[in-house]
Amino acid sequence: MSATAHKGVPLPDDIRARKGGVPIVSLTAYTTPMAQLMDAHCDFVLVGDSVGMVLHGLESTLGVTLEMMILHGRAVKRGLSRAMMVVDMPFGSYEESREQAFRNAARIMAETGAGAVKLEGGVQMAPTIAFLTGRGIPVMAHVGLTPQSINTLGGYKVQGRGAAGEALLADARAVAEAGAFAVVLEKLPAALADRVTEAVDIPTIGIGASAGCDGQILVVDDMLGLFTAFKPKFVKRYASLGDQAEGAIATYAAEVRARAFPAPEHVFADTEPMK
Ligand code: KIV
C-alpha cells in the first residue's frame, strides 16, 4: 500500500519506495511562483541553501540562516499542492549536537510544512540522522561534494576519485543505515555513483553524478539560465531566461526614454468608455 499522505502529496516513504524504479524528478525552488511552475512535474522540491548564492548574492552557502530557510520554505510550500517539499538545514544549525539538530529541524518542519529536512554529511552525521529519524523527522542525506564544507574540502572539487571512493561509499552506507530515506550524491565520478546506487537500499538523487542514480536534481536557476555567474559542468541549460529578461528590461528602458511607453492602451481616460 502506498504511504501517500492526504491530498496526494508523497511522503518520504513513497520516495524511498521508488528505489530502482522510474527516476525521481526534483528541482530546487525558493519562491511561490517557481514552486507553482514545477509542482506538476517534480516528485519533490528542495528548498536548497543554494538560495543564498542564487537569490541573495552570497559567495557560498555558509551565510545562510535558519530564518532564511524558514521564510523561503513557507513561500515554496504555498506554491505546492502535489510535490513533497524538503528543506535544507543551513550551516551551523545541526552540526553542534543531535539536540541542536532536532530543535532546528523541528522548527523547519513545524513552521514551513516540509515533509523532510536535508542535511550534509556521511559517517560523521549518521548518529544525528538516526536521532532525528527516531523522533519523527524524515531526513534526506547529502554526500560527496557538500558545499557547506568547502573550506575543509578545498573548494568545489569532484569528490571520491581513486582511493577516496571507498570513504564516499562508507558515507552513503552510513546515512542509509541511520535511516535517511534518500541520499543526494553531488559531484562524484559516474562509476562511483553507480556503485553507491547499487550498494544502498535507498534512492540516490544525483547532481553531477550519473544517469544511473535513482533520481536527479538541479538548481532551478542554473537550468533555466537565470543564474549565470558560473556554470558547473553538470548543469544543462534548458532555457536562457536571464538573457530574455535582460532583453526585455533593455527594451523597456529604451521605450521609457523614447516616451514610447506607456502607449495609449496603457493609460486611462478621464471618464469610463460607454459599454
Ligand atoms: O542547496 C542545494 O541547492 C542543494 C542541491 C544542489 C542538492 O543542496
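Is Phe227 buried or exposed? Keep that in mind while we look around this model, which is a predicted one.

Let's start with the ligand, which sits in the largest pocket. Around the ligand you'll find Thr28, Leu46, Gly48, Asp49, Ser50, Asp88, Lys118, His142, Glu186, Ile207 and Val219. Sort that shell by character and you get three nonpolar, four polar and four charged residues.

Some of these neighbours reach the ligand's oxygen atoms with their side chains. Ser50 has a polar side-chain atom 2.5 Å from an oxygen atom of the ligand, and for Asp49 the distance from a polar side-chain atom to a ligand oxygen is 2.9 Å. Asp88 joins in too, with an N or O atom of its side chain 3.1 Å from an oxygen atom of the ligand. How much of the ligand does the protein cover? On its own, the ligand has 260 Å² of accessible area, and the protein covers 95% of that.

Now for the aromatic rings. To describe a pair of them, you give the distance between the centres and the angle between the planes. Searching the whole structure turns up two such pairs. In one, Phe227 and Phe230 have ring centres 5.4 Å apart and planes at 90°, so this pair is edge-to-face. Back to the opening question: Phe227 has a relative accessible area of 12%, so it counts as buried, because the cut-off for buried is under 20%. Its partner Phe230, at 43% relative accessibility, is partly exposed.

The other pair is Tyr252 with Phe261, also edge-to-face, with 5.9 Å from centre to centre and 65° between the planes. Here Phe261 counts as partly exposed, with a relative accessibility of 34%.

Methods:
Residues numbered from 1 in each chain as written. Predicted model: local features only at pLDDT ≥ 70, side-chain atom pairs only at ≥ 80, totals over all residues. Heavy atoms only, no water. Near = heavy atom within 4 Å. Polar contact = N/O pair within 3.5 Å; in protein donor to acceptor, adjacent residues only side chain to side chain. Areas by Shrake-Rupley, 256 points an atom, 1.4 Å probe, with all protein chains shown as cover. 1 Å grid on protein atoms, 1.4 Å probe; cavity = no way out; pocket = protein on both sides within 12 Å on 5 of 7 lines; lining within 4 Å. Sits in = over half its atoms within 2 Å of the grid points. Nonpolar A, V, L, I, M, F, W, Y, C, P; charged D, E, K, R; others polar. Phe/Tyr/Trp six-rings, centres within 6.5 Å; stacked < 30°, edge-to-face > 60°. Buried < 20%, exposed > 50% of the residue type's maximum accessible area, 1.4 Å probe, protein only.
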